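Student: Please take me through this structure one question at a time, and explain each term when we first need it.

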Amino acid sequence: MKPKSPPLILRLVSKLNETFCLVGKVFGVPVNSRVIRHRLKSEWKNLQGEVSIDHIGQDWYKVEFNAEADVSFVLDNRPWFVQGQIFALQHWTPDFSPFHA
């Protein structure tokens with residue numbers, strides 16, 4: 001029997017996440033999540049839309065935008081630094097797991 005494809009709504013949500021979400025992490029000395037949020041939001045204060053930064057485990061953060069131009073700006077102007085350390089960013093993918101990254 002052929003496996004069913006995911007419902008349309010799940011495919012659309014996944015596509016939106018791939019377009020508007022990044023995942024990032026400070027490599028090196030751990031940094032407090034409030035410091036990371038404050039620093040990045042300060043650096044990105046002139047974005048066109050809103051940005052949310054949520055800790056998702058293992059020192060990884062989901063960075064969600066509501067404007068595709070903002071995603072491009074953030075990626076095009078890397079690297080970003082938090083307390084002198086690089087905050088590495090990459091596109092979110094459906095199979096991303098902070099526990100296996």
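Tutor: We begin with a definition: helices (H or I, at least four residues) and strands (E, at least two) are DSSP runs, numbered from the N terminus. This is a predicted model, in which local features need pLDDT of at least 70 and side-chain atom pairs count only at pLDDT 80 or more, while totals for chains, interfaces and linings use all residues. Residues are numbered from 1 along each chain as its sequence is written, and side-chain values use heavy atoms, with hydrogens and water left out.

Student: Which pattern does the chain follow when it is read along the sequence?

Tutor: The elements to be placed in order are 3 helices and 5 strands. Writing α for a helix and β for a strand, and reading along the sequence, we find the pattern α-β-α-β-β-α-β-β.

Student: What percentage of the 101 residues of the chain count as buried?

Tutor: A residue is buried under 20% relative accessible area, exposed over 50% and partly exposed in between, with a 1.4 Å probe and protein chains only. By that rule, the buried part of the 101 residues is 35%.

Student: Which residues touch the most other members of the largest nonpolar core?

Tutor: A nonpolar core is a set of buried Ala, Val, Leu, Ile, Met, Phe, Trp, Tyr and Cys residues joined through side-chain atoms within 4.5 Å. In soluble globular proteins, nonpolar side chains tend to be buried together. Among the 19 residues of the largest core here, those that touch the most other members are Trp44, Val63, Phe65, Phe87 and Leu89.

Student: Which elements each supply at least two residues of this core?

Tutor: Of the helices, H2 (33-43) and H3 each do so. The strands that do so are E1 (21-26), E2 (51-57), E3 (60-65), E4 (80-82) and E5 (85-91).

Student: Which residues are among the members of the other core, of 5 residues?

Tutor: This other core lies apart from the largest one. Its 5 residues include Cys21, Trp60, Trp92 and Phe96.

Student: Is Leu89 buried or exposed?

Tutor: Leu89 is found in strand E5, and contact, which means heavy atoms within 4.5 Å, joins Leu89 to Leu22, Val23, Gly24, Trp44, Val63, Val74, Leu75, Arg78 and Trp80, not counting residues up to four places away in sequence. With Val23, which is 66 residues away along the chain, the C-alpha separation is 5.6 Å. Because its relative accessibility is 7%, Leu89 counts as buried.

Student: What arc around the axis do the buried residues of helix H3 cover?

Tutor: The buried residues of H3 (residues 68-76) are Asp70, Val71, Val74 and Leu75. They lie on the same side of H3 because the arc that they cover around the axis is only 130°. This arc is that of the directions from the helix axis to the C-beta atoms, and the value asked for is 130°.

Student: With which residues is Glu68 in contact, leaving aside its neighbours within four places in sequence?

Tutor: Glu68 lies in helix H3, and its C-alpha atom is 6.1 Å from that of Phe20, 48 residues apart along the chain. Once the neighbours within four places are left aside, the contacts of Glu68 are Thr19 and Phe20.

Student: Is His38 buried or exposed?

Tutor: His38 is found in helix H2. Because its relative accessibility is 61%, His38 counts as exposed.

Student: What is the phi of Gln83?

Tutor: Most residues other than glycine have a negative phi, and most peptide bonds are trans. Gln83 lies in the loop between E4 and E5, and it is exposed because its relative accessible area is 57%. Its phi is positive, in a residue other than glycine, and is near 50°.

Student: What is the omega of the peptide bond from Arg78 to Pro79?

Tutor: Pro79 is found in the loop between H3 and E4. The bond that leads to Pro79 from Arg78 is cis, with omega near 5°.
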